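Colleague: Could you take me through one part of this model and then show me what sits around it? I'd like to look at a charged patch, and plain words are fine.

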Amino acid sequence: MIFILPWLSIFAASLFALMLLMNLVRKNTSLVMLYLAQSLMLTLALVLLSYSTGSTGLLFAALLTLVVKVVMAPAFLLHMIRKYHGHLSAASRLNVPLSLLALAAITAFTYAYVAPALAQYGSSSASILFACIFGTLFLMTNRRGALAEIVGVLSLENAVVLLAALLGIEHSFALEFAITFDIAVWVAIAAGFLTMMYRQFGAIDAATLEMTHLTEEE
Amino acid sequence: MVDFIAQFGLFAIFAFFTGGAALSLIYSAYGAERESWILSHLFAALASLCGLLLAGTVLFASGPLSFHLPFSLGIGPDILRFQIDTLAAFFIAAISIVGIAASLFGIQYGKHFLGSYRLGGFGFFYNLFIASMILVVIANNSFLFLLAWEGMAIASYFLVIFERHEAKNISAGMLYLLISQLGAAFLFAAFLILYALTGSWDFDTIRASAGEMPLLVQNIVLALALLGFSSKAGIIPLHIWLPEAHPAAPSHVSALMSGVMIKTGIFMLIRFFVDFFPTAGISWGLIIIVLGAVSSLLGVLYALSEHDIKRLLAFHSVENIGIIFLGLGASITFFSAAMPALGTLALIAALYHTINHALFKALLFLSAGSVVATTGTRNMEEYGGLIKKLPYTAFFFLIGAVAISGLPPFNGFVSEWMTFQSLFAGIGTLPIIGKITFLVGASSLAFTGGLAAACFVKAFGAIFLARPRHEHAHAHESGFLSLAGMGLLAALCALFGVAASAITPIVTRVAESLRAASDIAVPSAPLQSLGGSSLSMSGVAIAVVFGVALCGILVWIIAGRRKIVVSRTWDCGAPLTSRMEITATGFSRSIIMVFRGLLQPSVQTDVEYHDVETRYFTKKKKVELSLTDMYHAYLYSPAITLVEHSARQARRIQTGNLSTYLLYIFLTTLLLLFWALQ
């Protein structure tokens, strides 16, 4: 287990870096591709964990993550981008410099307050994953488009899974399977929901939706 | 036999309840509504019979029983802990007796609903309701208790809204559920505080560590418990659900709700104030006495103004819970003032009145149900002369009325007499604040007794005597099983009165068991103690029977030989009709006017003249007497307005923008984290 810790830290740092990029890119396709990369990092982390613990279950979990988070979910999201091209906003509320400043503040807060509490776990990577979680929350808040909110939730879940692995919380196959299944259902529902929103309002941009246009579905 | 009942009694109770609930649903699903109804009530009666046997075994033979089922229910270990001590057995006995009578009555009562409603659900919730009540009193774990408490509330809610075609019943059910959940919120808070301090949900641990808790925490827990359990008991001003929910529910459910469900609140108050926190403090006792005095007096005054028979009985529940509070408050005061013998005596009075009220109130609700079922109305102004068509029901109602009025030789007299004794003892022994409070309690009880008698003179007279004010040509007596249910309760009302000397020692044992460690010198016979005043109920019974017989003989001697002369009425007179009778409203009007400062009545008079121009001769005069609902006007309406205003203010944060909501979540997470890591 000891030798994999540096690797897990590398994966955690990768997740954080990808989260930063997600906050900076302005194209929805890039956002999805970054999520794909993040999910791939998580898959590799799970493979490493299964190897070190000798758990076949975790290997299955990694495989499942690969199928759902690396292949299915991004394919689904890219399909939606193609379908609703022009209606999916990629704009953000804060410009890039301000966004970077906010992210810096969030990271500083995490290291000032959360890191000391996590010191007992002997892993500095936990703090970076906490910063990653807050960064994805910031992404969802800052972006106007619905797609960024979906990707934000999925990215948040990636950070939570790796954080749990780092903190030594039991990571059984059943748990990972349930989480991945949950994600699959979540993506499907979100896609369906987007379709309904588009049909109802003629737009998917969460910021421009007018509640007054709401009518009962026939 | 004792071992067998002790071992399998509880299993049998829940097996019958489960069977009743399941069969009710199954038969109803196949369209056999009548069978569904009968089986559900039959199984409930059998389960209640098992409950009575188990309670008797604990009270007379085996002593306290404890059970522990090793299932976690997915919540935590040791949740399913049960204890049937003598107090629990006493309440199981009360629940079971009323359960048997109500179920017997209900078997034939169901025909009124055939074809109008699906009856399977009713049978299911009826069994669940009684089972939950038993579970409430035997739970020895906070978690299990709260599950049972909520189960009881939900089951009774569905029974209240059973006749859902009437919109009023739905709103009554909603009000009941609302108050119920408000009370439950206080209880959750109380148990969470206890868990935080003891680290356990178990009642045994709470009992053992209660004395070591800081005084402030003890008082907070007791205040939360008092609020939570009083809302179920129906103490003023948390009583507002009672006069709405009791009339809405079918009559035998009203009997169970008023007779025993509200007593589960009393049961838990005894647990908290006498069992868990025996050093609660004199002030808690005095507060409870004041609450009891206000509830008993106002309850009976509101009952006087009612002409809806079931609302009238509901208000009498408020009054009687007030009387029980007087006994309980006196008990807590005495225990806190290191007067354990008097404390036990007052507790005996409270417990005795608890079971007495269960008996006579259930009897009155069943009798009222019999009347309502056959006449189709709850309005007493539309009854009159029903004694000729419902003689047995009238007789049973009369027994209940005499008992609730606290008149000898029935049971209500005994417990009210003991409550008086306790209060008088406090006036003689306590410091000045205590003296004044006990004096207020005793005065209130004296007023209450007189007013209750007046109220039931009105009720019995308006329902059964005089001439019919409306034609109820099809009115008829209830069936045998319904009469058997009423007869059982009537017999017990008489038994608990006449044989009080034999029953008091049993209640004494229950009261003593809660304070076993305090080495109490309890009077061996509370009916014959305290400053030389003594009472022989069998002597009183003989005197009453002898007096009634003597009056009958005198009437027969004086009036019996007179011939009935039929002749024309005097000139300008008119033949006697029901319009010349005093109405229920008219009867109570004078008493209400005496208390008009308190009740704020409003009188609306509608007069119709023969000649509108001259207005000399009245053709028709209609007087409507109504009371201002002070609790709505001064307490609930302002509270609702405040909540609505707050809700309008809170809506400002509801922008409809998803990103804003995410920002709220984000900021909350950061704040919580900041707070947690400080």
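What relative accessible area does D204(B) have?

Modeller: D204(B) has a relative accessible area of 36%, so it counts as partly exposed. On that scale, buried is under 20% relative accessible area, exposed is over 50%, and partly exposed falls in between, worked out with a 1.4 Å probe on protein chains only.

Before we go on, some ground rules. This is a predicted model, so local features need pLDDT of at least 70 and side-chain atom pairs count only at pLDDT 80 or more, while totals for chains, interfaces and linings use all residues. Residues are numbered from 1 along each chain as its sequence is written, chains are lettered from A and ligands numbered from 1 in the order in which they are written, and side-chain values use heavy atoms, with hydrogens and water left out.

Back to your patch. D204(B) pairs with R207(B) in a salt bridge, their closest N and O atoms being 2.9 Å apart. By salt bridge I mean a side-chain nitrogen of Lys or Arg within 4 Å of a carboxyl oxygen of Asp or Glu. Both partners sit in helix α7 of chain B, three residues apart, which is about one turn of the helix. Helices here are DSSP runs of H or I with at least four residues, strands are runs of E with at least two, and both are numbered from the N terminus.

R207(B) has a second partner: its side chain also meets that of D275(B) in a salt bridge, at 3.0 Å from N to O. D275(B) belongs to helix α10 (residues 251–276) of chain B and R207(B) to helix α7, so this pair ties together parts that are 68 residues apart in sequence. As for cover, R207(B) is partly exposed at 24% relative accessibility, whereas D275(B) is buried at 11%. Zoom out and you get a network of salt bridges linking D85(B), D204(B), R207(B), R271(B) and D275(B).

Just before helix α7 there's another pair to click on. D202(B) and R81(B) join their side chains in a salt bridge, 3.2 Å from N to O. D202(B) is in the loop between α6 (167–198) and α7 (203–209) of chain B, while R81(B) is in strand β2 (residues 81–84) of chain B, so the pair connects parts that lie 121 residues apart in sequence. D202(B) is buried, with 13% relative accessible area, and R81(B) is partly exposed, with 23%. Over all chains, the tally by this rule is 10 salt bridges.

Now follow chain B onward from there. Helix α11 (residues 282–305) of chain B has 24 residues and reaches 35 Å from its first C-alpha to its last, close to the 34 Å expected at 1.5 Å a residue. That expected span is 1.5 Å times one less than the number of residues. Of its 24 residues, 18 are buried, so α11(B) is largely enclosed by the rest of the structure.

Helix α12 (residues 309–336) of chain B tells a similar story. Its 28 residues should span 40 Å, and the end C-alpha atoms are 41 Å apart, which agrees. Mostly covered is a fair description, as 26 of the 28 residues of α12(B) are buried. At its N-terminal end, D308(B) acts as the cap, with a side-chain oxygen 3.0 Å from the backbone nitrogen of K310(B). After α12(B) comes A338(B), whose phi is positive, near 55°.

One more stop is T377(B), in the loop between α13 (340–375) and α14 (391–404) of chain B. T377(B) is buried, with a relative accessible area of 14%. Leaving out residues up to four places away in sequence, T377(B) touches V372(B), E382(B), Y383(B) and H472(B), where contact means heavy atoms within 4.5 Å.

Since you work at the bench, a word on cysteines. The structure has zero disulfides over all chains, a disulfide being a pair of cysteine sulfur atoms within 2.5 Å. For C455(B), the nearest cysteine sulfur is that of C493(B), 17 Å away. C455(B) itself is buried, with a relative accessible area of 0%, whereas C551(B) is partly exposed at 48%.

Notes. A polar contact is a pair of N or O atoms within 3.5 Å; within protein, one must be able to donate a hydrogen and the other to accept it, and residues adjacent in sequence count only if both atoms are side-chain atoms.
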